[in-house]
Amino acid sequence: MSDPGSTDLPPATGAWRAGDPVGRRRWLRLPAPLRVESGAEIGEVDLAYETWGTLNADRSNAVLVEHALTGDSHAAGPEEPGHPSAGWWDGLIGPGRALDTDELFVVVPNVLGGCQGSTGPASPAPDGRYWGSRFPRITIRDQVAAEIVLADALGVERWAAVLGGSMGGMRALEWAVTEPDRVRTLMLLASPAASSADQIAWASPQIRAIVSDAQWHGGDYHALGPGEGPHRGLDVARRIAHVTYRSEPELTRRFGRAPQDGEDPAAGGRYAVESYLDHQADKLIRRFDAASYVLLTRSMNDHDVGRDRGGAGAALARVRARTIAVGVDSDRLYPPWQARELAEGIPDARYAEISSPYGHDSFLVETDQVAALIKELLD
């Protein structure tokens with residue numbers, strides 16, 4: 001395991017850089033270049049990850065937790081130097097919690113292509129220049145291939161559980177199909193067997209907003225200097241995405257047609273819901289790289305567990321893990337029928353449903369409901 005070391009490259013907004021506070025991160029340098037499905041090779045790949053708890057003597061208590069699109073390895077713990085936001089599953093990981101770190105060894109990697117410590121477009125390539133537009137298109141399977149190397153390095157022959165929501169659910173599913181003997185139990189939250197036309201359609205204007213920004217520079221903006229890059233495009237992309245992450249009833253209940261405090265929409269001011277989206281976009285552009293957003297969104301669009309495997313049915317039949325596929329009743333981005341499809345296709349899987357007004361984000365918000373399902377999975 002190795003630290004990526006220092007670099008003289010200037011920092012860019014939205015991506016972790018060597019020299020920034022490390023926080024709880026650790027790194028694995030993959031021992032060989034990673035050949036991805038496109039045929040390209042990615043050299044000097046670093047995977048950032050965090051762990052909680054201790055691997056037991058027979059290595060049977062390891063749990064892999066997979067983050068969503070704009071998540072990272074910091075699933076538990078406070079916002080602090082090195083971590084631009086608090087742990088996204090903080091209520092579920094720790095002593096006495098559903099993922100009890102007195103009993104379990106919890107591993108959370110930052111995805112290949114990400115921007116919070118793992119190698120991605122904002123990272124230096126072996127030639128010392130930023131990867132930028134040269135970073136190859138990658139798939140969910142490529143991301144899992146890198147994580148298999150991490151599992152081997154940690155000495156984990158079989159995961160006691162693999163869990164993930166949204167993009168993390170795609171990776172969790174690929175783990176169980178690619179390495180069925182290495183996953184004992186599986187939880188897939190708000191995630192499909194294959195991305196649908198509707199999901200690809202919602203992603204399309206997000207990608208277009210970023211690559212149409214004058215500061216995109218073909219994806220090669222990272223060397224331009226501190227704060228440079230297509231931040232306006234990423235801002236718009238986040239607004240579009242966040243609307244799909246929540247539900248219409250929740251937005252109506254929380255905001256209705258109310259103006260933002262002290263503002264008059266008729267005089268150029270904002271509605272309260274617009275202020276809410278301003279806040280969500282501003283948070284993301286301060287901690288996430290636009291090129292990673294495009295790369296990972298495209299990998300989600302490409303997700304199809306049945307590709308080159310005889311279709312989804314044949315692929316899902318390969319899963320040997322005891323599985324709970326979880327839908328959210330108010331999810332308008334990954335609707336419950338997709339989780340039901342997983343439960344119907346995976347042998348002996350169970351479908352469960354989170355009841356919540358919070359839409360797709362419910363797998364992050366409804367801690368008590370998710371905790372109960374995790375305890376059932378691990379029982």
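**Exercise 1. Determine which residues of helix α3 are buried and what covers them.**

Step 1. In α3, the buried residues are Gln199, Ala203, Gln206, Ile207, Ala209 and Ile210. This is a predicted model, and the exercises below refer to it as well.

Step 2. The cover over these buried residues includes three other helices: α4 (231-245), α7 (290-301) and α9 (336-345).

Step 3. Helix α3 itself runs over residues 197-211, which is 15 residues. From first C-alpha to last it reaches 21 Å, close to the expected 21 Å at 1.5 Å a residue.

**Exercise 2. Find how many residues of helix α2 are buried, and list them.**

Step 1. Helix α2 comprises residues 167-178, twelve in number. Its end-to-end C-alpha reach is 16 Å, close to the 16 Å expected at 1.5 Å a residue.

Step 2. Of the twelve residues, eleven are buried, so α2 is mostly covered.

Step 3. The buried residues are Met167, Gly168, Gly169, Met170, Arg171, Ala172, Leu173, Glu174, Trp175, Ala176 and Val177.

**Exercise 3. Locate Ala321, classify it as buried or exposed, and list its contacts.**

Step 1. Ala321 sits in the loop between α8 (312-316) and β11 (322-328).

Step 2. The relative accessibility of Ala321 is 3%. The cut-off for buried is under 20%, so Ala321 counts as buried.

Step 3. Not counting residues up to four places away in sequence, Ala321 touches Val183, Arg184, Thr185 and Leu186.

Step 4. Trp175, one of the buried residues of α2, is 146 residues from Ala321 along the chain, and the two C-alpha atoms are separated by 10 Å.

**Exercise 4. Compile the surroundings of Val65 and Thr51, and state whether each is buried or exposed.**

Step 1. Val65 belongs to strand β5 (residues 62-66). Its relative accessible area is 0%, so Val65 is buried.

Step 2. Setting aside residues up to four places away in sequence, Val65 touches Trp88, Trp89, Leu99, Val106, Val107, Val108, Pro109 and Leu163. Val107, in this list, is 42 residues from Val65 along the chain, with 6.2 Å between the C-alpha atoms.

Step 3. Thr51 is in strand β4. With a relative accessible area of 14%, Thr51 is buried.

Step 4. Beyond its neighbours within four places in sequence, Thr51 is in contact with Arg24, Arg26, Phe105, Val106 and Val107. Val106 and Val107 appear in both contact lists.

**Exercise 5. Identify where Glu44 and His217 lie and what their phi values are.**

Step 1. Most residues other than glycine have a negative phi.

Step 2. Glu44 has a phi near 55°, a positive value in a residue other than glycine. His217, also not a glycine, has a positive phi of about 50°.

Step 3. Glu44 lies in the loop between β3 (41-42) and β4 (46-52). His217 is placed in the loop between α3 and α4.

Step 4. Glu44 has 42% relative accessibility and counts as partly exposed. For His217 the value is 42%, and His217 counts as partly exposed.

**Exercise 6. Describe the position and contacts of Asp220.**

Step 1. Asp220 is in the loop between α3 and α4. At 41% relative accessibility, Asp220 counts as partly exposed.

Step 2. With neighbours within four places in sequence left aside, Asp220 is in contact with Trp131, Gly132 and Ser133.

Step 3. Between Asp220 and Trp131 there are 8.1 Å from C-alpha to C-alpha, for residues 89 apart along the chain.

**Exercise 7. Assess the protein chain as a whole: its secondary structure, compactness, surface and charge.**

Step 1. The chain has eleven helices and twelve strands. Its radius of gyration is 20 Å, close to the 21 Å given by the globule rule for 379 residues, so the chain is as compact as a globular protein of that length.

Step 2. The C-alpha trace spans about 65 × 50 × 45 Å along its principal axes.

Step 3. Buried residues make up 56% of the 379 residues. Among contacts with a separation of 6 or more, 72% come from residues 24 or more positions apart.

Step 4. The accessible surface comes to about 15,100 Å², and 49% of this belongs to carbon and sulfur atoms.

Step 5. There are 38 positive and 53 negative side chains, and the centres of the two sets lie 2 Å apart.

Methods:
Residues are numbered from 1 along each chain as its sequence is written. This is a predicted model: local features need pLDDT of at least 70, side-chain atom pairs count only at pLDDT 80 or more; totals for chains, interfaces and linings use all residues. Side-chain values use heavy atoms; hydrogens and water are left out. Helices (H or I, at least four residues) and strands (E, at least two) are DSSP runs, numbered from the N terminus. The expected span of a helix is 1.5 Å times one less than its number of residues. Buried means under 20% relative accessible area, exposed over 50%, partly exposed in between (1.4 Å probe, protein chains only). Contact means heavy atoms within 4.5 Å. The radius of gyration is taken over C-alpha atoms; the globule rule is 2.2 Å times the number of residues to the power 0.38. Accessible areas come from the Shrake-Rupley method with a 1.4 Å probe; for residues, only the protein chains shown count as cover. Lys and Arg count as positive and Asp and Glu as negative; His and the chain ends are not counted. The place of a charge is taken as NZ of Lys, CZ of Arg, CG of Asp or CD of Glu.
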